[in-house]
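Subject: Structure handover, salt bridges

Hello,

Here is the structure we discussed, with its sequence. My notes on the salt bridges follow below it.

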Amino acid sequence: MSAQSKKNIKWVEGLRGITSALVIATHLARALDFPLFWPADVKDGAPRWLQVPYLRIPWQGRLGVPIFAFLTGFVCAAKPLKLAYIQGNHSASLKTVARSAFRRPPRLVLPAVIATLISFVLSIFGAYTAANRCDSFWVRFDAPDPKPLGENFRRLFRALLATWTTTENVYDRHQWAMRPLLIGAFQVYIVLAATIGMRFRYRILVHVLLVAYWLLNTGPLTETFGANLALGTLLAELSQHRPTQNFIAKYQRILSYIIVPILLLIGGYVGSYPHEHEDWAPWSLRLHKFLVDPAGDGSRGSFIVPKGSNAGRRTSAFMIQCVAVSIFLSPALQNLLSHRLLLWLGHHSFAVYLTHGTILRTLGMWIVYGISGQPWEDPGKNEDGSPKEPNWLHPKSRGHKMASVVIFTTVTYIAAWAWMKWVDTACARATQWLEKKVFDDDEGTEGGKAGLAEKGYANGGGASSREHAQPLLNGGEARVPPP
């Protein structure tokens, strides 16, 4: 058995925890200090420390979703590949794929519906008034507009459906990634079912071709979801391959102290590419000319950023791919990501994703702008009938912003803890009940452990066993929430 398969892969949970913290950081930047997305506040101006390469990465966004896509590919493939590759049990592997595919929709849909309903109730009581009137255009875009009660109910039903069709949920726009991640999980299941009987070298060839296909495809979000899902499946396959793991163990020092730092430095620099105004700083302009427009006339791109693709998402996806390979090659990074704090953050990451947006647009904005949204005057209309630009509310002070950051972050993780304790547990039980109804009991014992298996824990039981269980590669299927 390979070295990787003998040990747990707690680093998956740790990486998920870091990702949820990055999502909070970037949304705080969007709401309270949007210029952090630029290389400088003004063209040719001196950048702030948080705007320079590498240091700007946590604030500029575009990282959470591709990381969750990679983790989805990795953990969805882990157990089926273990059963097929190490134990040679193809039948059990296919049954695992079937049960995982069945569990995935309710484990995503049910919590998302509850989060949307909470935001809907808050909108009825006017909790988004401050967010609708503040001077942050991103917060205004994210907050649902006030509507009459009847129209609000109709908008709710449209939002519940649109989350899984057009990805447009006006009550929680952060749920836009739920649909592509759900589709991505089924992409992994289909690939596993189609290749589970292949020889190892040909399965690897399929995964490599899929990564190449999605990178060469310049369609929307192909680099964010398709390529990272395929990379996760590829690394899950290699983690089961004894010669690959023996090679990593043999050259561990060279890989960990030379190759991995080079990958992280290159990936981090490329991933620092700004959201916009790349011509405002020399370093970002050079990066633009090298990756986005090498010819200087827009006629062609580069391998990392092909012509017609989204430069920001391509550069961020490249960075995540460098990080993913680095973690795979470095046991030291895996151990670092297995810290208890990161594991706790990772365990609550899905809840953070579902709750933080609503808390930011309500409590976070109340602290900065006031609860009432006053003073406010209806701007009226211009002579041509178009609406006038309102006099938006401005932050009370810098101190209120800092207080908002601290209180919002604290309340978000308290809410996430409560969500996992009650809401997520109820959703897991509902999914488990449904699975038992649908599948024959004699097909295996996985159904009785669906709730914990979705979270990647090997043993079932009550709350105490969930706290002390370890997310093992050869245990249950790890659950990967979106950003």
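A salt bridge here is a side-chain nitrogen of Lys or Arg within 4 Å of a carboxyl oxygen of Asp or Glu. Please keep in mind that this is a predicted model. Searching the whole structure for such contacts turns up twelve salt bridges.

Helix 5 and helix 19

One of the pairs is Glu435 with Arg103, whose closest N and O atoms are 3.1 Å apart. Glu435 sits in helix 19 (residues 398-438) and Arg103 in helix 5 (residues 90-124), so the contact links distant parts of the chain, 332 residues apart. Buried means under 20% relative accessible area. Glu435, at 0%, is therefore buried, and Arg103, at 2%, is buried as well.

Asp424 and Arg107 also meet through their side chains in a salt bridge, at 3.3 Å from N to O. Because Asp424 lies in helix 19 and Arg107 in helix 5, this pair ties together parts that are 317 residues apart in sequence. Both Asp424 and Arg107 are buried.

A partly exposed pair

Glu151 forms a salt bridge with Arg158, with 2.9 Å between the closest N and O atoms. Partly exposed covers the range between under 20% and over 50%. Glu151 has a relative accessibility of 22% and so counts as partly exposed; Arg158, at 45%, counts as partly exposed too.

A network

Finally, Asp33, Asp41 and Arg48 are joined into one network by salt bridges that share partners.

Regards

How values were computed:
Residues numbered from 1 in each chain as written. Predicted model: local features only at pLDDT ≥ 70, side-chain atom pairs only at ≥ 80, totals over all residues. Heavy atoms only, no water. Helix = DSSP H or I, 4+ residues; strand = E, 2+ residues; numbered from the N terminus. Buried < 20%, exposed > 50% of the residue type's maximum accessible area, 1.4 Å probe, protein only.
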